[in-house]
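Work through the exercises below with the model in view, taking the steps of each solution in order. The opening exercise concerns the relative direction of packed elements, and later ones turn to rings, backbone and surroundings.

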Amino acid sequence: MIKVVLYTHILAATAWIGGSVLLFALGILLRDRSAQKAVYAHLGPIYGYFETFWLIVLWATGLTMFFHYDFPNIFTHAPDSLLAQLMGTKLIIVGALTVLTIIHMYIAFKTHGMERTTLQNIISRGSSMAIFILNLVIIWYAIGIRDNL
Ligand code: HEM
């Protein structure tokens, strides 16, 4: 059963990260301003719901495994172990990523189809860049956790 949960977790990670890599690439490769506007206008909301769905699946399956492997006990009795350190760091990064995602989506939906202020642009682009980089770091920690389980 837990194998199905891990499978779903990895599927969700590929969808969640794959989506962000594609949009990141589009931002760089699609230089035509009007084409970019049109693509984001149509793709934006769908992308938002798509990513929200997979992030919720990541949390649900991640927490299921967290309790299955009794991480609360590991944090209590072996807080200095490598496993506890890796999981603790991964949770902090995933927490930061989740907050950044909420901020990014709030601005995206609030300003959809409208001109953005400079501040909104900076926060929106900064958060998506940070989410992108944090994702790459999370994979590293995820592999470390699996190696030490
Ligand atoms: C953006 C969010 C997340 C991403 C991209 C992500 C990614 C991954 C990936 C790719 C693996 C598989 C690693 C491997 O097989 O080598 C993994 C494993 C794992 N994740 Fe996550 N994860 C996320 C969130 C979470 C959360 C929120 C939790 C816990 C609350 C969690 C707990 C775990 C655990 C316990 C494993 C190890 C399971 C096992 O190897 O059997 N993850 N994660």
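**Exercise 1.** Starting from the result that α2 and α4 are roughly antiparallel to each other, recover the geometry behind it and describe the contact.

*Solution.* The model is a predicted one, in which local features need pLDDT of at least 70 and side-chain atom pairs count only at pLDDT 80 or more, whereas totals for chains, interfaces and linings use all residues. Residues are numbered from 1 along each chain as its sequence is written, and side-chain values use heavy atoms, with hydrogens and water left out.

Step 1: helices (H or I, at least four residues) and strands (E, at least two) are DSSP runs, numbered from the N terminus. Step 2: axes are lines fitted to C-alpha atoms, for helices over the stretch in contact, and angles between N-to-C directions run from 0 to 180 degrees. On this basis the axes of α2 and α4 (residues 82-110) are 12 Å apart, and the two helices pack at an angle of about 160 degrees. Step 3: the classes are roughly parallel under 35 degrees, roughly antiparallel over 145, roughly perpendicular from 65 to 115, and oblique for the rest; the pair α2 and α4 is therefore roughly antiparallel.

Step 4: the crossing of α2 and α4 is left-handed, a term used if the near helix is turned anticlockwise from the far one by less than a right angle, clockwise being right-handed. Step 5: with contact taken as heavy atoms within 4.5 Å, the residues involved include Tyr49, Leu55, Trp59 and Phe66 of α2, and Leu91, Val94, Thr101 and Phe109 of α4. By class, the contact of α2 with α4 has 11 nonpolar, five polar and one charged residues, where Ala, Val, Leu, Ile, Met, Phe, Trp, Tyr, Cys and Pro count as nonpolar, Asp, Glu, Lys and Arg as charged, and the others, Gly among them, as polar.

**Exercise 2.** Describe how α1 crosses α2 and how α4 crosses α5.

*Solution.* Step 1: the axes of α1 (residues 2-29) and α2 come within 8 Å and cross at roughly 155 degrees, so these helices are roughly antiparallel. α1 passes α2 in a left-handed crossing, and the residues of this contact divide into 20 nonpolar, 10 polar and one charged.

Step 2: for α4 and α5, the axes come within 8 Å and cross at roughly 155 degrees, which makes α4 roughly antiparallel to α5. The crossing of α4 and α5 is left-handed, and their contact has 20 nonpolar, 10 polar and two charged residues.

**Exercise 3.** Classify the ring pair of Phe50 and Trp54, and then that of Phe66 and Phe71.

*Solution.* Step 1: rings of Phe, Tyr and Trp (its six-membered ring) pair if their centres lie within 6.5 Å, planes under 30 degrees apart counting as stacked, over 60 as edge-to-face and the rest as tilted. The model has eight aromatic pairs by this rule. Phe50 and Trp54 form one that is edge-to-face, at 6.3 Å centre to centre with 70 degrees between the planes.

Step 2: Phe50 and Trp54 are four residues apart in α2 (residues 33-68), and so are separated by about one helical turn. For accessibility, buried means under 20% relative accessible area, exposed over 50% and partly exposed in between (1.4 Å probe, protein chains only); Phe50 is partly exposed at 38%, while Trp54 is buried at 16%.

Step 3: the ring centres of Phe66 and Phe71 are 5.4 Å apart and the planes lie at 15 degrees, so this pair is stacked. Both Phe66 and Phe71 are buried, and Phe66, Phe67, Phe71 and Phe75 form one aromatic cluster.

**Exercise 4.** Where is Asp70 placed, and what does Asn135 contact beyond its sequence neighbours?

*Solution.* Step 1: Asp70 sits in the loop between α2 and α3 (71-77), and has a positive phi of about 55 degrees although it is not a glycine. Its relative accessible area is 37%, so Asp70 is partly exposed.

Step 2: Asn135 belongs to α5 (residues 118-148) and, at 2% relative accessibility, counts as buried. Leaving aside neighbours within four places in sequence, Asn135 is in contact with Trp16, Ile17, Ser20 and Leu97.
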